[in-house]
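Here is a set of questions and answers for someone meeting this structure for the first time. Please look through the sequence and the structure before reading on.

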Amino acid sequence: MTLHSLDVPSPCHLSSFGGARPSSFCRLNNPNFTIASSSPATIFKRFSISCAVSFRPCIDIHKGRVKQIVGSTLSDSKEDGSSLVTNFESDKSAAEYANLYKEDGLTGGHVIMLGADPLSKAAAIEALHAYPGGLQVGGGINSDNALSYIVEGASHVIVTSYVFNNGKMDLERLKDLVRVVGKERLILDLSCRKKEGKYAIVTDRWQKFSDVYLDEEVLDFLANYADEFLVHGVDVEGKKLGIDEELVALLGKHSPIPVTYAGGVTVMADLEVIRVAGKGRVDVTVGSALDIFGGNLAYKDVVDWHARQRILTV
């Protein structure tokens, strides 16, 4: 894959202090840099940074119901869902989960529509209405509908397949999205699977490999078009097999903008592994392992851990 020159403005904004920005909250120390001659990615790497890792909650919706599904089993090929592996289906609505996250002061959670059906869209919008500005939304987002979700209350829209189309990155589509909602409202889902020893971005319900591989160059390039990255470790996601520590380390080392990792968290110790491996710069989502989704990991314990991370160290 060849990365081309940029033709969209990319103002340097690394974090917002004192506001409701849902990314990792970072303190910047002794920058000693010149903005005029540096790209945002280069500027970011010149800071001494201490960060508080955040827990980012999730609401996955399939056919209007909140579920936890092994994402790699999602497919368009079987309409009866016979190939689908479901870990949990809730009797609570998406809006009830949104209210829970609002009450606990958790921001930057993502609502993912696992299908383009009307019931899932309606449930997602109910969640956005319950917690306006506190949730991001993804699933079937494109340049035609992205702005409507912002209007409904989403802080950001999350996009994968629309940009990584037919196995390749469609830069024109990406630029269209930036023009429609703005870089500051756009999250790129760079969920990936191992292929020949490298992490390839996967699309179309994680069934198709793209020709784009996660590395420093790609992350620096895409950071010019997005406010954050969301990365599921697809090989471990939903399987409670433990985290993909190598992927977390890659993200912590090379992502120049806020990034959230999801996949494989099973016990509290996994959160600490992510904090250390990601150098305090990678946020974390926990799904199937949580007791609110039928797992054994106490949601309250994770929220308490999140609160402890608010104490910054230099």
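Q: How many of the residues of strand β6 are buried?
A: In this predicted model, strand β6 spans residues 109–113 and is covered on both of its faces. G109, V111 and M113 lie on one side and H110 and I112 on the other, every one of them buried. The strand is therefore described as mostly covered, since a residue counts as buried under 20% relative accessible area, and the number of buried residues in β6 is 5 of 5.

Q: Which strands do bridges join to β6?
A: Strand β3, residues 58–62, runs parallel to β6 and is joined to it by 4 bridges, with I61 standing opposite M113. Another 4 bridges join β6 to a strand of residues 135–138, which also runs parallel to β6, and here G109 stands opposite L135. The strands joined to β6 are thus β3 and β7.

Q: Through which helix does the chain cross from β6 to β7?
A: The connection between these two strands is a β-α-β crossover, and its hand is right-handed. The helix on this path covers residues 118–130 and is α3.

Q: Why is the pair of F88 and F293 edge-to-face?
A: The search of the whole structure finds 5 aromatic pairs, and in the pair of F88 and F293 the ring centres are 6.2 Å apart. Planes over 60 degrees apart count as edge-to-face, so the pair of F88 and F293 takes that name from the angle between its planes, which is 70°.

Q: How many residues apart are F88 and F293?
A: F88 belongs to strand β5, residues 86–89, whereas F293 lies in the loop between β17 and α9. F293 is buried, with a relative accessible area of 1%. The pair links distant parts of the chain, and the separation is 205 residues.

Q: Which residue joins Y101 and Y299 in a cluster of ring pairs?
A: Y101 and Y299 form a tilted aromatic pair, with 6.3 Å from centre to centre and 40° between the planes. Y101 sits in helix α2 and Y299 in helix α9, 198 residues apart along the chain. Y101 counts as buried at 1% relative accessibility, and Y299 likewise counts as buried at 7%. Ring pairs link these two into a cluster with a further residue, F55.

Q: At what distance from the ring centre of Y213 does K198 lie?
A: This contact involves a lysine and a ring, with K198 placed over the face of Y213. The distance from K198 to the ring centre is 4.2 Å.

Definitions and conventions: Residues are numbered from 1 along each chain as its sequence is written. This is a predicted model: local features need pLDDT of at least 70, side-chain atom pairs count only at pLDDT 80 or more; totals for chains, interfaces and linings use all residues. Side-chain values use heavy atoms; hydrogens and water are left out. Rings of Phe, Tyr and Trp (its six-membered ring) pair if their centres lie within 6.5 Å; planes under 30 degrees apart count as stacked, over 60 as edge-to-face and the rest as tilted. Buried means under 20% relative accessible area, exposed over 50%, partly exposed in between (1.4 Å probe, protein chains only). A charge sits over a ring if NZ of Lys or CZ of Arg is within 6 Å of the ring centre and within 35 degrees of the ring normal. Two strands pair if DSSP finds at least two bridges between them. A crossover is right-handed if, with the strands pointing away from the viewer, the path from the first strand over the helix to the second runs clockwise.
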